[in-house]
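Here are a few friendly notes to keep beside you as you look through this model for the first time. Take them in order, with the structure open.

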Amino acid sequence: DLALDVTRVRRDFPILERQVHGKPLVYLDNAATSQTPRQVIETLDHYYRHYNANIHRGLHTLADEATAAYEQTRDSVRDFINAADRREIIFTGGTTEAINLVANSWGRANLKPGDEILISQLEHHSNIVPWQLLAEQRELVIRVIPVDEQGALDMSAYRDLFTERTRLVAVNHISNAFGTINPVREMAAIAHAHRALILVDGAQAVPHAPVDVRHIDADFYAFSAHKVYGPTGVGVLYGKAELLEAMPPWQGGGEMIRTVSFDAGTTYAAIPHKFEAGTPPIAEVIAMGRALAWVDDIGIAMIGAWEQKLLRHATERMMRIDGLRILGTAPHKAGVISFVVDGAHAQDIGLLIDQLGVAVRTGNHCAQPLLQHFGVEATCRASFAAYNTLEEIDIFVEALERVIGMVR
Ligand code: PMP
């Protein structure tokens, strides 16, 4: 049996022992942020107790140790997403900053008025707004890849959207709002056939499925540590080396230069450092490395398979609730269930179910265009991680039934 040892997994998460309103915590808001295993917490603690120092500059022992651990994470990330070269891994503040980096560096250097960018109806605001800002500055055209009624991308419409002016496709790998898994490898091949690049927002994919940026043939790939059992404030931009090398710096400051002169001008460091201006989140980068090692230890395929089991069980039980409608029913989806209930506001469900110890997300999930398309302002969303159990799903569904009975 391929079942994940969830009892063992749960032992690594001290927060799962806490109570909320006198009830055991059932944490089902993993698409917003995942909880942190003690190994990651200990890595942060160990850093500040033993070798806190600024990196890449000091010659002293602490600086050496911090630099080595920081750069070690670059190798771990390279390995984790199967990039060809460690110089293709840029540390950022998260997915949002990674996308803004591409928009501001690659976008400003390469896009001209009338050029076109394709984004999908499924995008998180962080993969919409940076392109809108750039479109305003550069007079670009943004076209939207539509979704079908199940919340899957319409691939034939996608093919039809390309024109001579299409320069970039920006799409998520897995939708945070609906859980839809997008065929990004196929989408990349189509983009490349039209000589366009593809940026993949992998914030919801890296925690739930094996990701291979070379197999996908992504030009850029972004994710955040805090959704994959790591700390907040740090993430990754992967970019193909030849693209990154040709791109101008975005943020200027220390670390990203080779020489600075008032007379002779400034020259820039080679990649990846060209894109890492200032003191980075050193402790967090190192702890992200530990988080990825933790995931490797369990096995990402094992985690994904377990979450599919949770998804099936939850979906089956929820479909039996009268008046409950699940939004996002694509055949390929990850452990995310977005739903609305007749006669009950999402907000009320969220607040009341919290009283029973269950944490779900309510609102628009930073995907207003998607929710508008489906004619709703808010949904409740339950999303799963490695430490969730079938018993927790039962507690959640029973709590949901109780809450619906109260508000109707
Ligand atoms: N894209 C997707 C698909 C996401 O789920 C999120 C986080 N909800 C983001 C981007 C933004 O990530 P961050 O806030 O960590 O920058």
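1. UniProt, in an unreviewed entry, lists residues 26-396 for "domain: Aminotransferase class V". Positions from UniProt follow the numbering used here, feature names are shortened, and annotations may be inferred rather than shown by experiment. Over residues 26-396 the chain is 39% helix and 17% strand, and the end C-alpha atoms lie 7 Å apart. Helices (H or I, at least four residues) and strands (E, at least two) are DSSP runs, numbered from the N terminus.

2. A word on the model itself: it is predicted, so local features need pLDDT of at least 70 and side-chain atom pairs count only at pLDDT 80 or more, while totals for chains, interfaces and linings use all residues. Residues are numbered from 1 along each chain as its sequence is written.

3. Now to the sheets. One open sheet has seven strands in the order E4-E10-E9-E8-E7-E5-E6, with mixed pairing (two strands pair if DSSP finds at least two bridges between them). Strand E4 (89-92) and strand E6 (141-145) stand at the edges with a single partner strand each, so one side of each is left without a neighbour in the sheet. From one strand to the next, the twist averages 20 degrees, where axes are lines fitted to C-alpha atoms, for helices over the stretch in contact, and angles run from 0 to 180 degrees between N-to-C directions.

4. Do look at strand E7 (residues 166-172) in that sheet. Five of its seven residues are buried, so E7 is largely enclosed by the rest of the structure. Buried here means that 20 or more other C-beta atoms lie within 10 Å of the residue's own; exposed means 12 or fewer, and partly exposed is in between, with C-beta atoms placed from the backbone.

5. Which strands pair with E7 in the parallel sense? Strand E5 (residues 116-120) does so over four bridges, with Leu-168 of E7 as the bridge partner of Ile-117. Strand E8 (residues 197-201) does so over five bridges, and there Ala-170 stands opposite Leu-199. E7, helix H7 (residues 184-193) and E8 also make a right-handed β-α-β unit; right-handed means that, with the strands pointing away from the viewer, the path from the first strand over the helix to the second runs clockwise.

6. At the E4 edge, the pairing with strand E10 (residues 235-239) is antiparallel over four bridges. Ile-90 has Leu-237 in E10 as its bridge partner.

7. Another open sheet has four strands in the order E13-E14-E17-E16, with antiparallel pairing. E13 and E16 stand at its edges, each with a single partner strand, so one side of each is left without a neighbour in the sheet. The twist in this sheet averages 30 degrees from one strand to the next. E16 and E17 pair over three bridges, and Thr-362 stands opposite Cys-380 in E17.

8. Finally, helix H12 (residues 346-355) has Ala-346, Ile-349, Gly-350 and Ile-353 buried. Seen down the axis of H12, the buried residues fall within an arc of 100 degrees, so they line one face of the helix; the arc is that of the directions from the helix axis to the C-beta atoms. Just after H12, Gly-357 takes a positive phi of about 90 degrees.
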